[in-house]
Amino acid sequence: MTEQTIPNKIDVHDFSFFYGDFQALKRLNLPIKEKQITALIGPSGCGKSTFLRAINRMNDTIPGIRAEGQILLDGEDIYAPDVDVVELRERIGMVFQKPNPFPKSIFENVAFGPRVLKMTNRRDELHQMVRESLEGAALWDEVKHRLKDSAMNLNPGQQQRLCIARTIAVQPEVILMDEPASALDPVATLHVEDLMRTLAENYTIVIVTHNMQQAARASDWTGFFWLGELVEFNKTSALFSSPERELTESYITGRRG
Amino acid sequence: MSATKLETSTPDVSPPVRWGEKIIEGLIWAAGLSTILIVALIFIFLLKEGLPTFLDIPLRQLFGKRWYPIEGMFGLASLLAGTLLVTAGAVIITVPLGIVTAIYLGEFAPPWQREILKPLIEVLAGIPSIVLGFLGWVALAPIIQNAGAPTGLTAFTGALILAYMALPTIISISEDALYAVPKEYRDGALAIGATQWQTIWRVVLPAAKSGIVIAVMLGIGRAIGETMVALMVTGNAANIPAFGADIMFQPVRTMTATIAAEMGEVAQGSLHYSVLFGIGILLFLITFAINSLARKLVGGESVRRKRTGF
Ligand SMILES: Nc1ncnc2c1ncn2[C@@H]1O[C@H](COP(=O)(O)OP(=O)(O)OP(=O)(O)O)[C@@H](O)[C@H]1O
Ligand SMILES: [Mg+2]
């Protein structure tokens, strides 16, 4: 498939975002390609997390925020007044920087989504869903004998994969990941990166990362943010090998940022 | 095993003695010890004064129905029933109300409402119980009597006022417990597509369970131990209310009210005197039992570990 024929899962048109008077995102335009991994890079405070949280409207809980422009999911504006935020978040899952399993058992963590979304009321089906999600997150073999253990007893890498399992249990279309590996050691990080590759066969993935190597290694597309603006967006290979803007080049080579 | 332990605990070079630290440590230790000592002394005193109750009066009579101290009848059943009715009534009213209010304050109320309500609730907590008892007497009792009860001074009147008294404690401690639940838990649930209510019910409340149980315990403690209100508005009738739909609308007498009402009239060292202390011992044991139960409920040690483990 050539890059032109890959459909856009998400289209961002002139999207701006404000915290009160402060404009955190300035007229962004970019496509998020279906079943591809899009990485967002840029220095601290440039608005990566803000953008990511704008995509599933997690920012809505913050008072005084305002969004302008459009983010289209399958062509429909997610900021349109008739959009049900809860439904939107079923379709767009999120994995956070700090692993945040609930203080419940491993099983209950994964079963949480299927339960609240009433995906099944049959015990065996629920079990099947939990198992498939844990397998999908490459965690099943490590925890299959202790599903009733508290998730708090897992190590951070396992906790993060549990959070990924929890997210895919509700079968979202898009998964947003905000620096999912920054709290993990190098081995666990590689684990999560491998996992992303596998997940991209079924899901559209957007990942924020501070780690240039990670973006270069693990993504298909990269967007470079600077002070709330999208400076450059391109195929990852192109952006890293021949950046069009000087700012991008100095950032990815470590001279800036 | 023990040898290696010894070795590691006695290093070759002894660190310099920090006298300031030592003194502070000593003070803290003394403060802690004195608390334990005072509690122990109170209990010993209670036991010494109240023990004859359980030794001199046959148990069957002690837990009998008739409380006529002048005739030497010390049946505590009616007092136990009075305390149970008033306390249980108060708890049934105050616990759901308190927790729901805490949830509203902590999760739904806009900041300006919170800024008004929180100090207001703290003011409520500070109203002396005699004032509430008075209010109950002059304002609440007539309403209850007009509603058809034989008298306005009933178990229900007491329960209502006690519920009101326990409310601020339950609200503010529950709210603190909800506030202490990491935002990450909420985000995690919301990001999956849980509604706000599902998030609260399935994630936030369970995570705040231990704090909320403590809030309820303190509330119950206040309701059981409260004397003034019980004395003023429950009717002061030492009889077991007849079982029926109107069980809450009959006058009763609580254990605390009995102690307060009769302590002034008894001869020190008399059997009646020691029975009043015996009631104190029972109250002590009941509170202790409830606290232990609560600790069981929240899972004690493991909860604390879980909370700090995040
Ligand atoms: N809740 C908020 N209220 C006000 N301003 C905020 C809020 N959250 C973020 N900002 C501001 O918006 C800008 C972008 O923040 P954001 O968290 O999106 O950056 P980021 O690129 O994710 O940074 P980092 O790499 O450190 O995570 C920053 O200047 C930040 O101070
Ligand atoms: Mg960020």
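The following legends describe close-up views of a predicted model.

**View 1. Residues around ligand 1.**
Ligand 1 is surrounded by 14 residues, of which A:Ser44, A:Gly45, A:Lys48, A:Ser49 and A:Thr50 come nearest. By class, six residues of this shell are nonpolar, six are polar and two are charged. A polar backbone atom of A:Gly45 lies 2.8 Å from an oxygen atom of ligand 1. In the side chain of A:Thr50, an N or O atom is 2.4 Å from an oxygen atom of the ligand. A nitrogen atom of ligand 1 lies 3.4 Å from a polar side-chain atom of A:Tyr19. Taken alone, the ligand exposes 630 Å², and the protein buries 63% of that area. Two elements of chain A, β2 (22–33) and α1 (48–55), give two or more residues to the shell. The largest share, three residues, comes from α1(A).

**View 2. A nonpolar patch on the surface of chain B.**
The patch is formed by B:Tyr104, B:Phe108, B:Trp112, B:Ile116, B:Leu117, B:Leu120, B:Trp197 and B:Trp201. Together these residues have about 880 Å² of accessible area. The helices α4 (77–108), α5 (111–125) and α9 (196–207) of chain B are the elements that give two or more residues to the patch. With four residues, α5(B) gives the most. One member, B:Trp197, lies in helix α9 of chain B. B:Trp197 counts as partly exposed because its relative accessibility is 46%, in between the limits of 20% and 50%.

**View 3. The loop residue B:Thr154.**
B:Thr154 is found in chain B, in the loop between α6 (129–146) and α7 (155–179). Is B:Thr154 buried or exposed? The residue counts as buried, because its relative accessibility is 0%. The side chain of B:Thr154 makes a polar contact of 2.9 Å with the side chain of B:Thr157.

**View 4. A:Glu232 in a strand of chain A.**
Strand β10 (residues 229–235) of chain A contains A:Glu232. The relative accessible area of A:Glu232 is 4%, so the residue is buried. Along the chain, A:Glu232 and A:Gln213 are 19 residues apart, and their C-alpha atoms are separated by 17 Å.

**View 5. Two residues with positive phi in chain A.**
A:Lys35 is not a glycine, yet its phi is positive, at about 50°. The residue is placed in the loop between β2 and β3 (37–41) of chain A. A:Lys35 has 40% relative accessibility and therefore counts as partly exposed. A:Ala138, also a residue other than glycine, has a positive phi near 55°. Its place is in the loop between α4 (123–136) and α5 (140–143) of chain A. At 35% relative accessibility, A:Ala138 counts as partly exposed.

**View 6. A salt bridge between A:Asp14 and A:Arg27.**
Side chains of opposite charge can pair when their charged atoms come close. Over all chains, a search of the whole structure finds 21 salt bridges. In one of them, the side chains of A:Asp14 and A:Arg27 meet with an N to O distance of 3.5 Å. A:Asp14 lies in strand β1 (residues 8–19) and A:Arg27 in strand β2 of chain A, so the pair ties together parts that are 13 residues apart in sequence. A:Asp14 is partly exposed, at 33% relative accessibility, whereas A:Arg27 is exposed, with a relative accessible area of 57%.

**View 7. A salt bridge between A:Arg66 and A:Glu68.**
The closest N and O atoms of this pair, A:Arg66 and A:Glu68, are 2.7 Å apart. A:Arg66 is partly exposed, with a relative accessible area of 40%. A:Glu68 is also partly exposed, and its relative accessible area is 37%.

**View 8. A salt bridge and its network in chain A.**
The side chains of A:Asp74 and A:Arg91 meet in a salt bridge with an N to O distance of 3.1 Å. This pair links distant parts of the chain, 17 residues apart: A:Asp74 is in the loop between β4 (65–73) and β5 (76–77) of chain A, and A:Arg91 is in helix α2 (residues 85–91) of chain A. A:Asp74 is partly exposed, with a relative accessible area of 41%. A:Arg91 likewise counts as partly exposed, at 30% relative accessibility. Which residues are joined into one network by salt bridges that share partners? They are A:Lys9, A:Asp74, A:Arg91 and A:Glu173.

Notes: Residues are numbered from 1 along each chain as its sequence is written. Chains are lettered from A and ligands numbered from 1 in the order in which they are written. This is a predicted model: local features need pLDDT of at least 70, side-chain atom pairs count only at pLDDT 80 or more; totals for chains, interfaces and linings use all residues. Side-chain values use heavy atoms; hydrogens and water are left out. A residue is near a molecule or strand if one of its heavy atoms lies within 4 Å of it. A polar contact is a pair of N or O atoms within 3.5 Å; within protein, one must be able to donate a hydrogen and the other to accept it, and residues adjacent in sequence count only if both atoms are side-chain atoms. Accessible areas come from the Shrake-Rupley method with a 1.4 Å probe; for residues, only the protein chains shown count as cover. Ala, Val, Leu, Ile, Met, Phe, Trp, Tyr, Cys and Pro count as nonpolar, Asp, Glu, Lys and Arg as charged, and the others, Gly among them, as polar. Patches are made of residues with over 30% relative accessible area and no salt bridge: like charges are joined within 9 Å, nonpolar side chains (Val, Leu, Ile, Met, Phe, Trp, Tyr) within 5 Å. A salt bridge is a side-chain nitrogen of Lys or Arg within 4 Å of a carboxyl oxygen of Asp or Glu. Buried means under 20% relative accessible area, exposed over 50%, partly exposed in between (1.4 Å probe, protein chains only).
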